[in-house]
There are 2 protein chains.
Amino acid sequence: MTRHIALNKDSIHCANCMLGRICMPQKMNLTDIEHLTELIKERIRVAKGEYVFHIGNTSGAIYSIRTGAIKTQVENNCGHTQITGFFLPGEVFGLDSFTAQQHTSDAIALEDSEVCVMYTKDLNIVAQQIPSLQAQFRHLLSGEIIRSHQLLLSLGSLRSDQRVAWFILDMSARFTQLGYSSNEFILRMSREDIGNYLGLTLETVSRLFSRFQKEGLIHIQQRAIRILDHEALQSLIKYK
Amino acid sequence: MTRHIALNKDSIHCANCMLGRICMPQKMNLTDIEHLTELIKERIRVAKGEYVFHIGNTSGAIYSIRTGAIKTQVENNCGHTQITGFFLPGEVFGLDSFTAQQHTSDAIALEDSEVCVMYTKDLNIVAQQIPSLQAQFRHLLSGEIIRSHQLLLSLGSLRSDQRVAWFILDMSARFTQLGYSSNEFILRMSREDIGNYLGLTLETVSRLFSRFQKEGLIHIQQRAIRILDHEALQSLIKYK
DNA sequence: CGGGCGGTTGACCCAGATCAATCAAAGTGG
DNA sequence: CCACTTTGATTGATCTGGGTCAACCGCCCG
């Protein structure tokens, strides 16, 4: 089950969170960050495979990741799910419920994770005092729109090998931003999750990882990936 | 070219716009709507095929449709475009630039259209005075996220015939909301646009319209569509 | 009335799905 | 610590939905 962590006394505040300015980076001074800390009254531990929230939940909150990794997915009426995003430490998810109504997606932990909770009602109050926070949330929201448009573009226009290359490069860029090596990291999700996300089967993903390895573009051992030829992956996506 | 319409004296205000409460429906009283009118200082006419905005435009505005129809599309580095949405009168588009940075999509008129322009800088000011407007914009933004998640779900999980059925029903629902007949309307876009949007070729779309007609689900003559068996279309999407 | 664009229909083909067997890693319990 | 199970990944063989290419139609507009 998800474990709630009380945040009253000596628990870590935003001001000295290890993620630094990754979570809310935009022009925010230290006093503003103090306000942000006030916003996060709750942090939860979620075990691998557990839900952070379900479709229909009316908790009225958005979430940022402190440690771990999360996937979000939507569901259709015949039970099929589609993964709409993978989220890494410092990234914010659950924005589909920002309207303070209810979540239209599930959020599931890909590994044991620690997640900060921000309630939209608190958020409305604090944001009114801090204009930069207001702007930051709009930025997050349009960022989410742009992200899903990018995914749509990939699903609609790329071949299977291009999609997988795109996925690898996207992950690489995001791990880099987190301060990890840009060409050596551990994938947090299964082949099945990757396939679902990219509109492919797990077999196709596996075959393409193998092919890329044979061609010397990457080295892959289970979920540990090392990018050997960043350029080649990049150019693979370039032309149809 | 796009023609700008001065909105100083006797031009129509939001308060007596024919769309009524469709454009900004949420709990907004008449005084609030007066404020909304102040927000819309500009309205533009766009001829069929013309752009409302291009990728990279920094106009810092969002748009709502008074008459006509608009498509938005994103582009990848090899020139392929992916349509991310079709918009009808009363609907708001261009939200990807709400961050006041720049548009990451193109908006193109599917027919001669009239479009209201709301600048985000004005919007920030007015929204601070009207909390309900603040909420309304957040609602629009998360609505946009939900919409693109729905599209992702369709692209990722539905067969070609299910996608086309889904498209027809979605259009039907939206025309209904506009006060038109729910089972007889004119599609505003070409087969190619529909195909692009749904991740199919125009031939596949055409074939499926024909098949649905043969099966008695719809009647289609060019872009004029009449839904004959709403139930059957609905149930087509239900199971894999 | 002729030209062109958008739409339809047919024939063929291939990328990627499906089905199936095998393998490897990571638990799990005795 | 080692057998046993489970889960995830790889690889091969085969099949098919929808793409591609091409011909044709018909509506609309000048």
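Before looking at the DNA, I fixed my terms: a polar contact is a pair of N or O atoms within 3.5 Å. With that in hand, I looked up T204(A) and found an N or O atom of its side chain 2.4 Å from a phosphate oxygen of DNA strand C. I note here that what I am reading is a predicted model.

**Entry: the side facing DNA strand C**

I listed the residues that surround DNA strand C and counted 18, the closest being S160(A), T204(A), S206(B), R207(B) and S210(B). By residue class, I sorted this surface into 2 nonpolar, 9 polar and 7 charged residues.

I then asked which helices supply at least two residues each to the surface near DNA strand C. I found α6 (202-214) of chain A together with α6 (202-214) of chain B, and of the contributions to this surface I recorded that α6(B) gives the most, with 5 residues.

Turning to individual atoms, I found a phosphate oxygen of DNA strand C 2.5 Å from an N or O atom in the side chain of S210(B). For R207(A), by contrast, the partner I noted is a base oxygen of DNA strand C, which lies 2.9 Å from a polar side-chain atom of that arginine. Looking at the DNA side as a whole, I recorded that 64% of the strand C atoms within 4 Å of the protein belong to sugar or phosphate, while the rest belong to bases.

**Entry: the annotated domain**

I checked the UniProt record, an unreviewed entry, and saw that it annotates residues 158-231 of chain A as "domain: HTH crp-type". Over this stretch of chain A, I read 55% helix and 15% strand, with the end C-alpha atoms 18 Å apart.

**Entry: chain A against chain B**

I next looked up the contacts between the protein chains and found 36 residues of chain A touching 36 residues of chain B. The two chains bury about 3600 Å² between them, and 64% of that area is on carbon and sulfur atoms. I noted that R138(A), H149(A) and L152(A) supply 18% of the area that chain A buries against chain B, more than any other three residues.

How many salt bridges cross the interface of chain A and chain B? I found 0, although 3 residue pairs are in polar contact across it. On the side of chain A that touches chain B, at least two residues each come from β5 (70-75), β6 (81-87), α3 (131-157) and α7 (230-238). The largest share, 16 residues, comes from α3(A). I closed the entry with the classes on this side of chain A, which divide into 14 nonpolar, 16 polar and 6 charged residues.

Definitions and conventions. Residues numbered from 1 in each chain as written. Chains lettered and ligands numbered in written order. Predicted model: local features only at pLDDT ≥ 70, side-chain atom pairs only at ≥ 80, totals over all residues. Heavy atoms only, no water. UniProt positions renumbered as here; feature names shortened; annotations may be inferred. Helix = DSSP H or I, 4+ residues; strand = E, 2+ residues; numbered from the N terminus. Near = heavy atom within 4 Å. Polar contact = N/O pair within 3.5 Å; in protein donor to acceptor, adjacent residues only side chain to side chain. Nonpolar A, V, L, I, M, F, W, Y, C, P; charged D, E, K, R; others polar. Contact = heavy atoms within 4.5 Å. Buried area = accessible area lost by both parts, 1.4 Å probe. Salt bridge = Lys/Arg side-chain N within 4 Å of Asp/Glu carboxyl O.
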